[in-house]
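Got the viewer open and a selection box ready? Let's take a walk through the model, one stop at a time.

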Amino acid sequence: MKRLLFLLWAVVPALLFAQYPLETYTELPDFTPIDRAAWDRQPEGLLAAWASVDVRYPKNGVPDVRPSRKALALSGWKGEKLNAQLVLWSKDGQADIRLEASDLQGPGGAVIPSERVETHFVRYVMTDEFGQSGCGHRPDKTQFDSLLVADVLDFADSFRLEARTVCPVWMTVKVPQDAAQGVYKGTVRVWCGDTEQAGLPFSVQVGRRTLPEPSEWSFHLDLWQNPYAVARYYGTPLWSEAHFEAMRPLMKALADAGQKVITASIMHKPWNGQTYDYFDSMITWMKKYDGTWEFRYDVFDAWVEFMMSLGIDRQINCYSMVPWSLSFRYFDQKTNRMQVLHSQPGEKEYDEVWTALLTDFARHLKEKGWFDKTCIAMDERPLPAMKQVLSLIRRADKDFKLSLAGLYYEEIEPDMYDYCLSPDQHMPLSVIERRRAEQKVSTYYTCCTDSRPNTFTFSPPAEAAWIGLYAARLHMDGYLRWAYNSWVEYPLQDSRFITWAGGDTYLVYPGFRSSIRFERLIEGIQQYEKVALLRAEFEKNGNRAGLKKLDRLVESFDLEKLKAGAEAGSAVRRAEEQLNRL
């Protein structure tokens, strides 16, 4: 029976979806058994209750919550975005469900307007499991346990709830930066058509401190963008006006999360086409008839200018001089066709073309005023190749900045402006502090090899928030994840891929639709900012007791304990409560 379910989940997507939906769509069916007796014990009509943000509630199981008039209590700083979740369920089904949040009434007549409260019906997407490893080719979906999980934050105004099903609702409260300190009270009302079905009260305790705007956060967020996936899904010509307009809400949401880095591919398939939509070169390579090289930057310029217009303007990471396949595609005038150069660092052909490109690229970047923002970036490359590439780059222009995500190589660390390590690698604190004084960036990343913490669609939601607090534990500047929107074929319905565990290739959905994972990631970044701001305040005021409390708080985020089974949610909740009290 179990294998039959896997087979159904494997073939249904291809049968149901012949195009890529944007406004409305149908979820994959849930084939898991239904406990009819449990549903039959439920009262008639639509039921609603506050729930935990740490739980992905199953679609066809009665949720382990109870309807209550007790208000949900949230707390945070001015300028903070707070998360909450409620669940709706019905044994007989309900149509035209809508939600309406009231203004929040605060002290002395102060108000947080209802426009600062957002509610999103949470939709279900198919996922699989980590298995023996989250990496590796997995073309046979029946070899991995698969199930529907709640993750997609839909933008629909109303929802139809089928009989014996659950619909979670994600709520965010964006506390204004000028909000008065104190307690604010409001209600989320649930309607079916013209009839109010439930009213869920909640309160927000606004503290005395203020979180800066995301553009001013110190956290160095680097989520790699994939513009090619957007063009395919939306059916737009690459780099057309329609393509840029389709990307706008997606990339604006990334800017609003505090993103610092623009991802640029400067050669064809830097990662050997590992995603459903491979990365092409944003620089045109042309070998002229006389054997000299010419490079054109029209696409690169348009992409960078677009991203900067949205507020992502701190850094440009250009991938990659050392691609996985060590092959380089270019147009050859002599043969009047595309050709591929197979070469590696240290070989004559490699050195010639990259010296030509880097020299001309440096000139172009300086003309645009972008040279100081730009890094020549590599990921997970061996030390011998890195040393050869470093030498070549310095010969082309000694002032080029470099970025590396991968292992920690003490020998080349001083050459890395932006150095990102895997969670099990350790950069000495003295090195991190020295790099920070030199205005260099030190971060960590997670990828398919990391069972915990991670942002797979089956990962416990709190792990996404745990990530930001772990960066504080490491005293690092931020976090990198290799895929913000490298969508699979049907990302709204099925997050599984032919390689890697479900959800590994993207954090947000077409639409733009956010996700529980992305919202919790932002939550953790906000806590990182609180730690940094409190540490600066306590150091300035000589508050040693406060500094010790901060140290104990961040030390509780222990990677080995998490991998051994410690719950991420309790650690995150405890840290947030303590940070709000300090």
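One cut-off before we set off: a residue is called buried when its relative accessible area is under 20%. Keep in mind, too, that this is a predicted model.

**Stop 1: Arg481 and Asp504**

Select Asp504. Its relative accessible area is 2%, so Asp504 is buried. Now add Arg481, which also counts as buried, at 1% relative accessibility. Show both side chains and you'll find them meeting in a salt bridge, with N to O at 2.5 Å. Arg481 sits in strand β24 (residues 478-481) and Asp504 in the loop between β24 and β25 (514-515), so this pair ties together parts that are 23 residues apart in sequence.

**Stop 2: Asp494 and Arg496**

Next, pick Asp494 and Arg496. They form a salt bridge too, and the closest N and O atoms are 2.8 Å apart. Is Asp494 buried or exposed? Buried, with a relative accessible area of 5%. Arg496 is buried as well, at 4%.

**Stop 3: Asp154, Arg123 and their network**

Jump to Asp154 and Arg123. Here the side chains meet in a salt bridge of 2.9 Å, N to O. The two come from distant parts of the chain, 31 residues apart: Asp154 is in the loop between β8 (147-153) and β9 (159-161), while Arg123 is in strand β7 (residues 117-127). Asp154 has a relative accessible area of 3%, which makes it buried, and Arg123 counts as buried at 9%.

Don't clear the selection yet. Add Glu27, Lys59 and Arg513, and you have a network of salt bridges that links them with Arg123 and Asp154. If you feel like hunting for others, a search of the whole structure finds 40 salt bridges.

**Stop 4: Arg160 and Asp96**

Now click Arg160, in strand β9. Arg160 counts as exposed, at 55% relative accessibility. Which residues does Arg160 touch, leaving out those up to four places away in sequence? Gln94 and Ala95. Add Arg98 and draw a distance between C-alpha atoms: Arg160 and Arg98 are 62 residues apart along the chain, and their C-alpha atoms are separated by 9.4 Å.

Then select Asp96, in strand β4 (residues 94-101). Its phi is positive, about 55 degrees, although Asp96 is not a glycine. Most residues other than glycine have a negative phi. Asp96 is partly exposed, with a relative accessible area of 37%.

**Stop 5: His475**

Another positive phi is waiting at His475: about 65 degrees, and again not a glycine. Look for His475 in the loop between α9 (462-474) and β24. His475 is partly exposed, at 27% relative accessible area.

**Stop 6: two cis peptide bonds**

Turn on the backbone for this one. Most peptide bonds are trans. The bond from Tyr319 to Ser320 is cis, with omega near -5 degrees; Ser320 is in the loop between β17 (315-319) and β18 (327-332). The bond from Gly511 to Phe512 is cis as well, with omega near 0 degrees, and Phe512 belongs to the loop between β24 and β25.

**Stop 7: helices α5 and α6**

Switch to cartoon and colour α5 (residues 298-309) and α6 (residues 348-368). They pack at an angle of about 40 degrees, and their axes are 13 Å apart. The two helices are therefore oblique to each other, and α5 passes α6 in a right-handed crossing. To see the contact, show Phe300, Asp301 and Glu305 of α5 along with Phe361, His364, Leu365 and Lys368 of α6. Sorted by class, that contact has three nonpolar, one polar and three charged residues.

**Stop 8: helices α10 and α11**

Last pair: α10 and α11 (residues 544-555), whose axes come within 9 Å and cross at roughly 155 degrees. They are therefore roughly antiparallel to each other, and their crossing is left-handed. On the α10 side the contact uses Val531, Leu534, Arg535, Phe538 and Glu539; on the α11 side, Gly546, Leu547, Leu550, Asp551 and Val554. By class that comes to six nonpolar, one polar and three charged residues.

While you're here, click Ala536, also in α10 (residues 516-541). Ala536 counts as partly exposed, at 45% relative accessibility. For a closing distance, add Met126: it is 410 residues from Ala536 along the chain, and the two C-alpha atoms are separated by 44 Å.

Methods
Residues are numbered from 1 along each chain as its sequence is written. This is a predicted model: local features need pLDDT of at least 70, side-chain atom pairs count only at pLDDT 80 or more; totals for chains, interfaces and linings use all residues. Side-chain values use heavy atoms; hydrogens and water are left out. Axes are lines fitted to C-alpha atoms, for helices over the stretch in contact, and angles run from 0 to 180 degrees between N-to-C directions. Helices (H or I, at least four residues) and strands (E, at least two) are DSSP runs, numbered from the N terminus. Angles under 35 degrees count as roughly parallel, over 145 as roughly antiparallel, 65 to 115 as roughly perpendicular and the rest as oblique. A crossing is left-handed if the near helix is turned anticlockwise from the far one by less than a right angle, and right-handed if clockwise. Contact means heavy atoms within 4.5 Å. Ala, Val, Leu, Ile, Met, Phe, Trp, Tyr, Cys and Pro count as nonpolar, Asp, Glu, Lys and Arg as charged, and the others, Gly among them, as polar. A salt bridge is a side-chain nitrogen of Lys or Arg within 4 Å of a carboxyl oxygen of Asp or Glu. Buried means under 20% relative accessible area, exposed over 50%, partly exposed in between (1.4 Å probe, protein chains only).
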